[in-house]
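Me: Please take a close look at one side chain in this model, starting with how far it is open to solvent. Then work outward to the other parts of the chain, and explain the terms as you go.

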Amino acid sequence: MASTNDIKNGTTLRLDGGVLWSVLEFQHVKPGKGGAFVRTKLKNVLTGKIVDKTFNAGARVEFASVDRRDMEYLYHDGESFIFMDTQTYDQIPVSATVVGGNSDFLLENTKVTVATNEGNPLYVELPAAVELKITQTDPGVQGDRSTGGTKPATVQTGATIQVPLFITEGETVKVDTRTGDYLGRVN
């Protein structure tokens, strides 16, 4: 247990019966009248929900230790995604619910960050952008321009993204893993 005076950006708190919350922002406030307090913006580690919460200054809060490790994605065995720690070469299975929508942009041998608490995987962070090959898309037509619009395209992981009309099958494109947006072609 620690006090609210120890709260910093990026720390993880265990509140409300064991729920883990990551501190996005905090502000110590000392009004002219009344007691001081700490205003925070917290993100639920598992669901991603963001809430504002206020603590009295000096109140006791429980900090949780979250271990963030660089890992390499190896394969999907049907139930779990298997990741290998790049330091110790230990392999850990991570359930599909923890990986979530990140599986749309997860290629074998991709370097990711896996956060764990007491040995339990909490979430997987992908690189900001990945390069994926277009496996299926409608052919472009004469006159297609880069500013003309978009069409759906399926990438090698099976995800569907929107790409400009001039993109053809077999091309490699850069995709933003946070939003799924097309960022550009890769030569």
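Reply: Arg39 counts as partly exposed, because its relative accessibility is 41% and the class lies between buried, under 20% relative accessible area, and exposed, over 50% (1.4 Å probe, protein chains only). This is a predicted model in which local features need pLDDT of at least 70 and side-chain atom pairs count only at pLDDT 80 or more, while totals for chains, interfaces and linings use all residues. Residues are numbered from 1 along each chain as its sequence is written, and side-chain values use heavy atoms, with hydrogens and water left out.

Arg39 belongs to strand β4; strands (E, at least two residues) and helices (H or I, at least four) are DSSP runs numbered from the N terminus. Setting aside residues up to four places away in sequence, Arg39 touches Glu25, Phe26, Gln27, Val29, Lys53 and Thr54, where contact means heavy atoms within 4.5 Å. Between the C-alpha atoms of Arg39 and Arg69 there are 30 Å, and the two residues are 30 places apart along the chain.

Arg69, at the other end of that span, is partly exposed with a relative accessible area of 29%. Arg69 pairs with Asp67 in a salt bridge, and the closest N and O atoms are 3.6 Å apart. A salt bridge here is a side-chain nitrogen of Lys or Arg within 4 Å of a carboxyl oxygen of Asp or Glu. Asp67 is also partly exposed, with a relative accessible area of 36%. The model has eight salt bridges under this rule.

Another salt bridge brings together the side chains of Arg14 and Glu62, at 3.4 Å from N to O. This pair connects distant parts of the chain: Arg14 sits in strand β2 (residues 12-15) and Glu62 in strand β6 (residues 60-63), with the two positions 48 residues apart. Arg14 has 18% relative accessibility, so Arg14 counts as buried. Glu62 reaches a relative accessible area of 32% and is therefore partly exposed.

What are the accessibilities of the two partners, Asp176 and Arg178? Asp176 is buried, with a relative accessible area of 11%, whereas Arg178 counts as exposed at 66% relative accessibility. Their side chains form a salt bridge of 3.3 Å from N to O. Returning to Arg14, shared partners join the salt bridges of Arg14, Glu62 and Glu118 into one network.

The loop between β2 and β3 holds Asp16. Asp16 has a phi angle near 50°, which is positive although the residue is not glycine. With a relative accessible area of 57%, Asp16 is exposed. Tyr89 likewise has a positive phi in a residue other than glycine, near 65°. Tyr89 lies in the loop between β8 and β9 (91-95) and counts as exposed at 58% relative accessibility.

Ser103 is placed in the loop between α1 and β10. At 25% relative accessibility, Ser103 counts as partly exposed. Apart from neighbours within four places in sequence, Ser103 is in contact with Phe81 and Thr157. The C-alpha atoms of Ser103 and Phe81 are 8.9 Å apart, although the residues are separated by 22 positions along the chain.

Phe81 and Thr157 also appear among the contacts of Leu106, which, leaving out neighbours within four places in sequence, are Tyr73, Phe81, Phe83, Val99, Val112, Leu126 and Thr157. Leu106 and Phe83 have the most contacts inside the largest nonpolar core, a group of 23 residues. A nonpolar core is a set of buried Ala, Val, Leu, Ile, Met, Phe, Trp, Tyr and Cys residues joined through side-chain atoms within 4.5 Å. Strands that give two or more residues to this core are β7 (67-76), β8 (80-85), β10 (111-117), β12 (129-137), β13 (150-155), β14 (160-164) and β15 (172-176). Among these, β12 supplies the largest share, three residues. A second core, separate from this one, has eight residues, including Leu13, Leu15, Trp21 and Val61.
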